[in-house]
Amino acid sequence: MRATLFAWCTSLGLLLCVATPAHAQYRNNSFGFDVGGWLIQKPSVVQDGALIENTSNRPLRLENGLRLGGETNFKMSADHWWFTGRVNLGFLRFPNPSASDQSIEARYDRAAHADLGTLLGVQGAMGIRYVIFTDRFRPYVQFSMSYLRLFSFSDQADSECEAGVADLCGNGGSSATNFLPHPNVGGVHLQPGFEWIFTRDTAFHLFADVQRWIIFNAADNNAVVLGAGIIFFT
C-alpha cells in the first residue's frame, strides 16, 4: 500500500515539474509595450558632387530617435506561429552638424534640423512571428511589413525656404517639400528577439527590429530599433 501511494505521489510530482515551465504555452493571446532606440542610416543627398536638385529624388536624412511601441499577438494554428500587429510612435530628428562643417550635406542637415525640428512618426505594422521554443525562454524570429507617416509640427515647415539656404531649396517650395520630400514610408522588417516568462503570464521582451524603408524615386534607408519591453499573456 505504501509502495503504491509513493509511486502515485512520485508520478504526480514529476508531472507537475514537467508542466510548470510552459506557463504561456496554452495561452492564445498576448499584448505588450516596449521602448527602443531607433538607429537610421542616412543616404547621401549629393550626386556627382552637387546637391540633388529634384526634391522628389532626395532621400530622407533622418538621424537617431526614440520609439515607443505597443503590440498585440494572436496564436495561429500551432503554439509556434503567431500573428502580430503593432503601433509605434517615433520621435526623430535630422542631424545637426557643427557650424564649422560647411559641406553640402552638413548645411542641408542643419537647415532641415532648424526648420522642421522633431518629427513625429506614426507606424503601423503587421507580421508573422515564429516562436522557436514555447516554454519559459521563447526565442523567435518575425517578418512584418509596415507603413510610416512622418509629421512635422514646426512653424517653419510650410514656410518658404529662407534666403540663407536658398541654394538648398531646389526649385523653391516650402521647407517640408525640400527637407521632408517623402513623409509616407513603407517598410519590411526582420526581427529576432526573445520572450522570457519570469512570472506567470508575464514576460520580459528583448528584440532587434531590422528594417528596410522603401521610398519611391529616392534611395532607401536601412534602420534598426533595439528595444525592450513587457508582454502579458491572456
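Two strands count as paired if DSSP finds at least two bridges between them, and the legends below apply this rule to a predicted model.

**View A. Strand 5 and strand 6 are joined by bridges in the predicted model.** Twelve bridges connect strand 5 with strand 6 (residues 119–131), and the two strands run antiparallel. One of the positions to inspect is G85, whose bridge partner in strand 6 is M126.

**View B. Strand 4 and strand 5 form a hairpin.** Five residues lie between the two strands, and eleven bridges join strand 4 (residues 65–75) to strand 5 (residues 81–92) in an antiparallel arrangement. Among the bridge partners, G70 is matched with V87 of strand 5, while L68 is matched with L89 of strand 5.

**View C. Eight strands close into a barrel.** The strands follow the order 1-4-5-6-7-8-9-10 with antiparallel pairing, and neighbouring strands of this sheet are turned by 25° against each other on average, direction ignored.

**View D. W38 and W213 form one of nine aromatic pairs.** The arrangement is edge-to-face, with 6.1 Å centre to centre and 90° between the planes. This pair links distant parts of the chain, since W38 belongs to strand 1 (residues 29–40) and W213 to strand 9 (residues 202–214), 175 residues apart. Both W38 and W213 are buried. The charged end of R67 sits over the ring of W38, 5.9 Å from the centre of that ring.

**View E. Further aromatic residues include an aromatic cluster and a ring beneath a charge.** F31, F33 and F232 make up one aromatic cluster, whereas the ring of F151 has the charged end of R149 over it, 4.9 Å from the ring centre.

Methods:
Residues numbered from 1 in each chain as written. Predicted model: local features only at pLDDT ≥ 70, side-chain atom pairs only at ≥ 80, totals over all residues. Heavy atoms only, no water. Helix = DSSP H or I, 4+ residues; strand = E, 2+ residues; numbered from the N terminus. Axes fitted to C-alpha atoms, helices over the stretch in contact; angles between N-to-C directions. Phe/Tyr/Trp six-rings, centres within 6.5 Å; stacked < 30°, edge-to-face > 60°. Buried < 20%, exposed > 50% of the residue type's maximum accessible area, 1.4 Å probe, protein only. Lys NZ or Arg CZ within 6 Å of the ring centre and 35° of its normal.
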